[in-house]
Amino acid sequence: MKNDERQQKRIIILGNGFDLDLGLSTQYQNFLNSKYFQDLGKETNLFYWLLSKHEFQTWTDIEEELKLFAIDQSHRKSHFTIDLQKHFNSLTNALCKYLNSFDYKNLKRDSMAYALIECIANTDCYNIYNYNYTDLKKIYKELGFRELNNYIHVHGKAIDNSIILGFEDDVDIDTDYNFMIKTFSPHYHSCHIQRNLKEAKVVIFFGHSLSCTDYRYFADFFNKQSSLNIENGNSKRIIIITYNENSRRQILQQLWDMNNRRTGLLFDQNEFSIFCTSKKQDRDKLLELFTYLRNAYEYEQERYQESSD
């Protein structure tokens with residue numbers, strides 16, 4: 001068994017809930033309240049749009065609002081894209097500055113995010129796909145763990161100003177606004193996540209909402225795992241870690257909507273489970289699960305060593 005073959009078996013997908021669980025203020029709402037955003041002012045339609053939405057909503061998703069803004073402006077046939085692209089770049093730079101201002105020294109070591117890192121810290125069999133802009137390498141270092149190797153920042157990271165902000169391909173907008181499409185970013189790169197999800201046996205989602213913004217990465221995966229005709233040997237262990245009962249229901253609603261109401265098959269055809277970090281009983285189960293996964297990896301390593309001798 002080769003090392004890279006073991007790595008293909010297990011995948012971890014990190015969303016914003018992972019950073020929040022560690023105590024980092026990474027919600028878009030935190031950024032919109034910060035001086036980094038407020039200093040941008042109201043001088044353009046883009047900033048005014050985001051600010052007005054923020055003032056009248058309890059929660060704001062910048063990427064969703066950017067999509068709605070581009071659709072609205074396309075329908076109005078507005079054409080001020082030279083300035084707009086300049087201010088869009090100012091927005092992404094301000095977000096980078098906000099995220100780079102974080103102090104990583106007070107990360108929460110009593111969190112489930114820390115427990116997951118501790119579980120996988122000494123293994124090389126997990127491929128990590130990080131959808132956050134924060135620096136995962138720095139998080140590991142501050143928590144005292146060895147350097148990561150098998151990870152990808154899917155949408156870039158703030159530390160080198162490579163973040164990819166925007167929306168997905170399937171939006172009907174004027175071509176003048178295509179610089180807001182994620183795949184049009186100069187920082188966009190291949191990550192092969194759909195291919196690797198197909199090959200994985202264990203898939204862990206931590207803090208990822210599976211919202212429409214990024215769901216295209218996982219649509220084919222969940223569609224196949226919710227199929228009545230799933231082939232023998234293609235059943236997977238799928239673990240979703242979220243915050244509370246409300247987010248648990250939202251994730252199930254998303255899976256229900258996107259997979260022809262086949263959440264029952266998703267449970268039946270796989271070893272599928274959702275845990276809430278706000279529930280003590282779920283945290284206890286997660287700690288047991290992490291121990292099991294670590295022991296399974298160590299057992300696999302022992303077998304690998306024996307077969308190599």
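## Strand β5 and its neighbours

V202 stands opposite R237 in β5, and the bridge partner of R237 in β6 is E271. The model is a predicted one, in which local features need pLDDT of at least 70, side-chain atom pairs count only at pLDDT 80 or more, and totals for chains, interfaces and linings use all residues. Residues are numbered from 1 along each chain as its sequence is written, and side-chain values use heavy atoms, with hydrogens and water left out.

Strand β5 (residues 237–242; strands are DSSP runs of E, at least two residues, and helices runs of H or I, at least four) pairs in the parallel sense with β4 (residues 202–206) over 5 bridges and with β6 (residues 271–276) over 6 bridges, where pairing requires at least two DSSP bridges. In β5, 5 of the 6 residues are buried, that is, under 20% relative accessible area with a 1.4 Å probe and protein chains only.

## Helix α6

Helix α6 (residues 62–76) has 15 residues and spans 21 Å from its first C-alpha to its last, close to the 21 Å expected at 1.5 Å a residue, the expected span being 1.5 Å times one less than the number of residues. Its buried residues include I62, L66, F69 and Q73. At the start of α6, a side-chain oxygen of D61 comes to within 3.0 Å of the backbone nitrogen of E63.

## Lining of the largest pocket

Among the elements that each supply at least two residues of the lining of the largest pocket are α6 and β5.

Methods: Buried means under 20% relative accessible area, exposed over 50%, partly exposed in between (1.4 Å probe, protein chains only). A polar contact is a pair of N or O atoms within 3.5 Å; within protein, one must be able to donate a hydrogen and the other to accept it, and residues adjacent in sequence count only if both atoms are side-chain atoms.
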